[in-house]
Amino acid sequence: MTQALSGRTVADAQALAAHFRAMVMGEEAPDPALGDLQALQGVSRLHARRKCALLAWNALEQALAGPTPG
């Protein structure tokens with residue numbers, strides 16, 4: 001993930017995260033923009049492993065969203 005995001009803008013990182021999430025959830029075919037991350041497309045068939053594959057991406061999305069109000 002860090003290699004794929006290196007040098008990207010926040011908007012690009014968010015878009016890449018959305019494409020990755022859609023691929024892992026089986027909602028979209030792998031996007032060529034994912035590069036080496038396309039190797040994880042098989043995770044979409046392993047429902048128990050989806051959370052594992054998305055853990056770092058969820059943390060990234062939360063960090064980019066900023067602090068939660070409260």
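This report walks through the fold, the core, one salt bridge and two loop residues of a predicted model.

## Overall fold

The protein has three helices and zero strands. Read along the sequence, the pattern is α-α-α. The radius of gyration is 12 Å, close to the 11 Å that the globule rule gives for 70 residues, so the protein is as compact as a globular protein of that length. Along its principal axes, the C-alpha trace spans about 35 × 30 × 20 Å.

Of the 70 residues, 24% count as buried. Long-range contacts are present too. Among contacts between residues at least 6 apart in sequence, 45% join residues at least 24 apart.

## Helix α2

Helix α2 covers residues 10-24, which makes 15 residues. From its first C-alpha to its last, α2 reaches 21 Å. That is close to the 21 Å expected at 1.5 Å a residue. G26 follows α2, and the phi of G26 is positive, near 80°.

The buried residues of α2 are A13, L16, A17, F20, A22, M23 and V24. What covers them includes α1 (residues 2-5) and α3 (residues 50-65).

## The nonpolar core

In soluble globular proteins, nonpolar side chains tend to be buried together. Here the largest nonpolar core has 14 residues. Those with the most contacts inside this core are L5, F20, V24, L34 and W57. The elements that give two or more residues to the core are α2 and α3. Helix α2 gives the most, with six residues.

L5 shows how parts of the chain meet. Leaving aside neighbours within four places in sequence, L5 is in contact with A13, L16, W57 and L60. Two of these partners, A13 and L16, are also on the list of buried α2 residues.

## The salt bridge

The count comes to one salt bridge. The side chains of E61 and R21 form this pair, at 2.6 Å from N to O. The pair links distant parts of the chain: E61 is in helix α3, R21 is in helix α2, and 40 residues separate them.

Are the two partners buried or exposed? Neither extreme applies. E61 counts as partly exposed, at 29% relative accessibility. R21 is partly exposed as well, with a relative accessible area of 26%.

## Two residues in the α2-α3 loop

S44 lies in the loop between α2 and α3. S44 has a relative accessible area of 17%, so it counts as buried, the cut-off being under 20%. The side chain of S44 reaches the backbone oxygen of Q41 at 3.0 Å. Not counting residues up to four places away in sequence, S44 touches M23, V24, M25, G26 and R50. Among these contacts, M23 and V24 are buried residues of α2, and G26 is the residue with positive phi that follows α2.

A48 also lies in the loop between α2 and α3. A48 has a relative accessible area of 63%, so it counts as exposed, the cut-off being over 50%. A48 and M23 are 25 residues apart in sequence. In space they are 15 Å apart, C-alpha to C-alpha. S44, by contrast, touches M23.

Key:
Residues numbered from 1 in each chain as written. Heavy atoms only, no water. Helix = DSSP H or I, 4+ residues; strand = E, 2+ residues; numbered from the N terminus. Expected span 1.5 Å × (residues − 1). Buried < 20%, exposed > 50% of the residue type's maximum accessible area, 1.4 Å probe, protein only. Contact = heavy atoms within 4.5 Å. Polar contact = N/O pair within 3.5 Å; in protein donor to acceptor, adjacent residues only side chain to side chain. Core = buried A, V, L, I, M, F, W, Y, C linked by side-chain atoms within 4.5 Å. Salt bridge = Lys/Arg side-chain N within 4 Å of Asp/Glu carboxyl O. Rg over C-alpha atoms; globule rule 2.2 N^0.38 Å.
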